[in-house]
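Let's take a relaxed walk through a protein chain, looking at its open and closed spaces and at one pair of helices. Keep the structure in view while you read.

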Amino acid sequence: MAETTETTEMVEAADNRPLVVVADDVVRDHITRLAAAVGCDPCHARDVGAIRSRWARAPLVLLDRVPDIGDLPRRPNVLLVRAEAPTQSEWKAAVSLGVDGAAILPEDEDLVVTSLADVAERPSAREGRVLAVVSGRGGAGASVLAASVSSEAARCGDAALLVDCDPLGGGIDLVLGTEADEGLRWPDLRLSAGRMAMSELDAALPSRRRGRGRLSVLSCDRAGRGPTDVAVAAVLDAGRRAGRTVVCDLPRYPGPVCDEVLHRADLTVLVVPADVRGCVAAACVRRRLGERTSRMEVVVRGRATSGLSEADIAEAVGAPVLGWLRHDNAVARTLDLGSFRPTRHLARVARTILATLA
């Protein structure tokens, strides 16, 4: 009985591995190196029997030629990987098996890496969403709102990722009171251009349970460099593939990092103080950043006694008002005590943003 169970587990494990059917030793070694770089362990096969038994079950098949097995059915996730382009007759035979495309090495390494990484990471069936939060004026409260939205997303059962993109903000971990938590901050994280797995970030970053979900935080620090544009792009893409709710706290000034976030953002929220100067400053920020993002809306922060209505603020800033965050003395007290939790008003506005983002 134990032997049968062990055999079944070995078969199931093999079924989760990509199938590599490559006769060219140079191409096969190249694929092996690329697979190792993304933490993928492919199953190599040369004989007809191994191909036939695993053809339908493997999550991905990499071929350098079409195998001479006449009754193989068409299937998705098949990639032709070669050192030279296929001939017309070879391509016609490959298409008959359902081959999605051809990768010519070394030029098309990225296509092979992406295909292998998708198997290794098992991307979420639910695509993640990216939210950018930016202040319309200094001290408007964008960091507090970003922390509130990510905390509320986790409390509702999501896996959330809060990304601090403002190296001059002092570190968003201070907002959450997690500055003493173990884990990497931006100055410690060594990322370059390319793809990374969310599992790597989960293992490296500080995280805490929030309600039914978990919140991971990638914060700037009190010293050291901030994020680069290529590192931010890699982190956001990893979070999106993993189905995360990714919340980014942005600086007000444009730049490469800001551009990478705004280009990926499904929604950008501009936090605007409820006064004339705040509206004027926010309008400047909206004009400078608005062309870089597909959708920008406003959350107003402050007392409703300023004499400005939602319609006045929307017209002055040039973006619709999504919500109004009333002044709450409790927020400052919890921040100073290092015990931040979204107040009732913050949580309500956060849920409105999350519903709009969905």
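## The biggest pocket

The lining of the largest pocket is a mix: 13 nonpolar residues, ten polar ones and seven charged ones. Keep in mind that you're looking at a predicted model. The volume of this pocket is about 510 Å³. Want to find its middle? Look for G139, A140, G141, A142 and S143, which are the closest to the centre among the 30 lining residues.

Which elements each supply at least two residues of this lining? They are α6 (142-155), β10 (245-250), α13 (329-337) and α14 (344-357). The top contributor is α13, which gives four residues.

## A closed space

Now for the cavities. Counting those of 30 Å³ or more gives one, and the largest cavity has a volume of about 40 Å³. Its lining is made by L176, T178, D181, P206, S207, R208, R210, L215 and V217. Two strands, β8 (207-210) and β9 (213-218), are the elements that give two or more residues here. The largest share comes from β8, with three residues.

Here are the two spaces side by side:

| Space | Volume | Classes of lining residues |
|---|---|---|
| Largest pocket | about 510 Å³ | 13 nonpolar, ten polar, seven charged |
| Largest cavity | about 40 Å³ | four nonpolar, two polar, three charged |

## Two helices that meet

To describe a pair of packed helices, you give the angle between their axes and the distance between those axes. Try that with helix α11 (residues 276-289) and helix α12 (residues 310-317): their axes come within 8 Å and cross at roughly 45°. That angle is why α11 and α12 count as oblique to each other. On the α11 side, C279, A282, A283 and R286 make the contact, and they meet I313, A316 and V317 of α12. Sorted by class, the residues in this contact are six nonpolar and one charged, with no polar ones.

## Stepping back

What does the chain look like as a whole? Its secondary structure comes to 14 helices and 13 strands. The C-alpha trace spans about 80 × 50 × 35 Å along its principal axes. Of the 358 residues in the chain, 48% are buried.

Finally, consider who touches whom along the sequence. Take the contacts with a separation of 6 or more: 71% of them are between residues 24 or more positions apart.

Key: Residues are numbered from 1 along each chain as its sequence is written. This is a predicted model: local features need pLDDT of at least 70, side-chain atom pairs count only at pLDDT 80 or more; totals for chains, interfaces and linings use all residues. Side-chain values use heavy atoms; hydrogens and water are left out. Axes are lines fitted to C-alpha atoms, for helices over the stretch in contact, and angles run from 0 to 180 degrees between N-to-C directions. Angles under 35 degrees count as roughly parallel, over 145 as roughly antiparallel, 65 to 115 as roughly perpendicular and the rest as oblique. Contact means heavy atoms within 4.5 Å. Ala, Val, Leu, Ile, Met, Phe, Trp, Tyr, Cys and Pro count as nonpolar, Asp, Glu, Lys and Arg as charged, and the others, Gly among them, as polar. On a 1 Å grid over the protein atoms alone, a cavity is a set of points where a 1.4 Å probe fits but cannot get out, and a pocket is an open set with protein on both sides within 12 Å along at least five of seven lines; lining residues have an atom within 4 Å of a point. Grid points are joined across faces, edges and corners, and a volume is the space filled by probe spheres set on the points. Buried means under 20% relative accessible area, exposed over 50%, partly exposed in between (1.4 Å probe, protein chains only).
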